[in-house]
Amino acid sequence: MTICKLMAIQWALEPDWFQCLSDGEAFWEEASSLKRARKSVDRSLLFLDNHLRLQEESDILQKSTIIALIEGGHVMEEKLRSARESAKRPVGSFLLDSFPGHPTTLETRLQ
């Protein structure tokens with residue numbers, strides 16, 4: 001899935017809201033390295049910026065709300081950076097998607 005393909009689907013559906021693509025972790029067996037967590041956040045923010053640009057260019061999607069995904073794996077500093085940077089952008093909501101591990105404990109989610 002690419003950003004352009006996802007946005008083409010959104011243009012056809014004219015949704016009230018949609019979540020943007022993100023670079024989440026594919027494996028839950030191991031904790032994130034700092035390098036991987038940074039890459040995840042950097043790429044997810046780039047995806048978000050591209051979604052926002054395409055939304056702004058579309059008369060149809062300007063009425064839709066974009067949901068930003070918060071990434072960062074087990075690296076709290078990167079989760080916080082993802083949240084802070086996403087909050088600087090005109091999004092309608094956030095999805096906490098950076099809880100690798102199976103299953104994630106309530107204590108981890110609350111932290």
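**Glutamate 71 and the largest cavity**

Mentor: This is a predicted model. Glutamate 71 sits in the loop that runs between β2 (65–70) and α3 (76–87).

Trainee: Why is glutamate 71 said to have no salt bridge?

Mentor: A salt bridge needs a side-chain nitrogen of Lys or Arg within 4 Å of a carboxyl oxygen. For glutamate 71, the nearest side chain of opposite charge is arginine 36, 7.5 Å away. That is outside the cut-off, so no salt bridge is counted. Glutamate 71 is buried all the same.

Trainee: What makes the pairing of glutamate 71 with serine 22 a polar contact?

Mentor: The distance between the two side chains is 2.7 Å. The cut-off for N or O atoms is 3.5 Å. The pair is within that limit, so the distance fits the term.

Trainee: Now the empty space. How many cavities of 30 Å³ or more does a search of the whole structure find?

Mentor: One. The largest cavity holds about 40 Å³ of space.

Trainee: Which elements give two or more residues to its lining?

Mentor: They are α2 (34–57), β2 and α3. The most comes from α2, with three residues.

Trainee: How do you know that the lining of the largest cavity has no charged residues?

Mentor: Read the list: Cys20, Ser44, Leu45, Leu48, Ala68, Leu69, Ser82 and Ser86. Charged means Asp, Glu, Lys or Arg. None of these is in the list, so the charged count is none. The lining has five nonpolar and three polar residues.

Trainee: And what pattern does the whole chain follow?

Mentor: Along the sequence it reads α-β-α-β-α-β-α. That comes to four helices and three strands.

Conventions. Residues numbered from 1 in each chain as written. Predicted model: local features only at pLDDT ≥ 70, side-chain atom pairs only at ≥ 80, totals over all residues. Heavy atoms only, no water. Buried < 20%, exposed > 50% of the residue type's maximum accessible area, 1.4 Å probe, protein only. Lys, Arg positive; Asp, Glu negative; His and termini not counted. Polar contact = N/O pair within 3.5 Å; in protein donor to acceptor, adjacent residues only side chain to side chain. 1 Å grid on protein atoms, 1.4 Å probe; cavity = no way out; pocket = protein on both sides within 12 Å on 5 of 7 lines; lining within 4 Å. Points joined across faces, edges and corners; volume = space filled by probe spheres on them.
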